[in-house]
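User: I am in my first year and would like a close look at a single part of this protein, set within the fold around it. Please explain each term as you reach it.

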Amino acid sequence: MVAAPRPALRWRAALALALAAVFGLVAMSWPLLAAPGGALTETTSGPWLFVLLLPLVTASVLIQLADGGLDARAVAMLGVMSAVVAAVRPFGAGAAGVETVFFLIILAGRVFGAGFGFILGCTGLFASALLTGGVGPWMPYQMLAAAFVGLGAGLLPRTGASRGGRAGELALLAGYGAVSSLVYGLLLNLSYWPFALTQGNLAYVPGGSVEENLPRLVTYTLATSLGWDVGRAVTTVVLVLATGPLLLRVLRRAARRANWV
């Protein structure tokens, strides 16, 4: 099976997307980058992260619209996929690590591209938080981490599809789903790890270097959330393998009929 080409991002849209991704990564990684007396601290990171995230995502959408990367049909597809993500998330709700949304973000990012995947990660998690009452200081971190999952899916190489056919593409997506599920858990730990412990080998060291705090973060993740992260990875892999053959065909057929790709 030869995959359909994904829509290409023009330079302005790609620049807006890159800026949003870099901002999100820096904002989420503040515990590793913060210095005593600096602008990134535990008292300012959360509110500013949410305040700045939505305009960046909105700017990315508007620039892609202006450049022709997203037309009205693509925006309608984005709305539909965001609603589907919000609708299926309660079936998992993170119980025992079971997550039922990441396979959709990965498959959509694969078909519609990195820009679509990034925006879907943000809007899908935002919509699901409103639907399930999951609004809180953790929500911006969930939105950004999910956006990175969709972004990475859109950037995956085409070799898995062209060399191994459908099985090769599914194996590539399943492997990416497992890795991204583990990375998602690591990124989310950055939102509360600095406040979870105040002493010990796993505790955050305020003002410490990356070399000092990163091993503590990884050890903390292995000790506290690995079981949930593995459950998320297993769920994502199973759902990608089970639904991928059908959903990839459906999404690509919808894109072709809309003359989008």
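Analyst: Read along the sequence, this predicted model follows the pattern α-α-α-α-α-α-α-α-α-α-α, and the protein has 11 helices and 0 strands, where helices (H or I, at least four residues) and strands (E, at least two) are DSSP runs numbered from the N terminus. Residues are numbered from 1 along each chain as its sequence is written. Because this is a predicted model, local features need pLDDT of at least 70 and side-chain atom pairs count only at pLDDT 80 or more, while totals for chains, interfaces and linings use all residues, and side-chain values use heavy atoms, with hydrogens and water left out.

The part to look at closely is helix α5, which spans residues 102-112 and is mostly covered, with 11 of its 11 residues buried. Here buried means under 20% relative accessible area, exposed means over 50%, and partly exposed lies in between, with a 1.4 Å probe and protein chains only. The buried residues of α5 run from Phe102, Phe103 and Leu104 through Ile105, Ile106, Leu107, Ala108 and Gly109 to Arg110, Val111 and Phe112. For the protein as a whole, buried residues make up 50% of the 261 residues. After α5 comes Gly113, whose phi is positive, near 105°.

α5 packs against α11 at an angle of about 40°, with the two axes 8 Å apart; axes are lines fitted to C-alpha atoms, for helices over the stretch in contact, and angles run from 0 to 180 degrees between N-to-C directions. That angle makes α5 oblique to α11, since angles under 35 degrees count as roughly parallel, over 145 as roughly antiparallel, 65 to 115 as roughly perpendicular and the rest as oblique. The crossing of α5 and α11 is right-handed, which means that the near helix is turned clockwise from the far one by less than a right angle, whereas anticlockwise would be left-handed.

Another pair can be described in the same terms. Helix α4 (residues 72-88) and helix α6 (residues 114-132) pack at an angle of about 45°, with their axes 8 Å apart, and are therefore oblique to each other; the crossing of α4 and α6 is right-handed.

One residue elsewhere offers a contrast in exposure. Leu182, found in helix α8 (residues 159-189), is partly exposed, with a relative accessible area of 37%.
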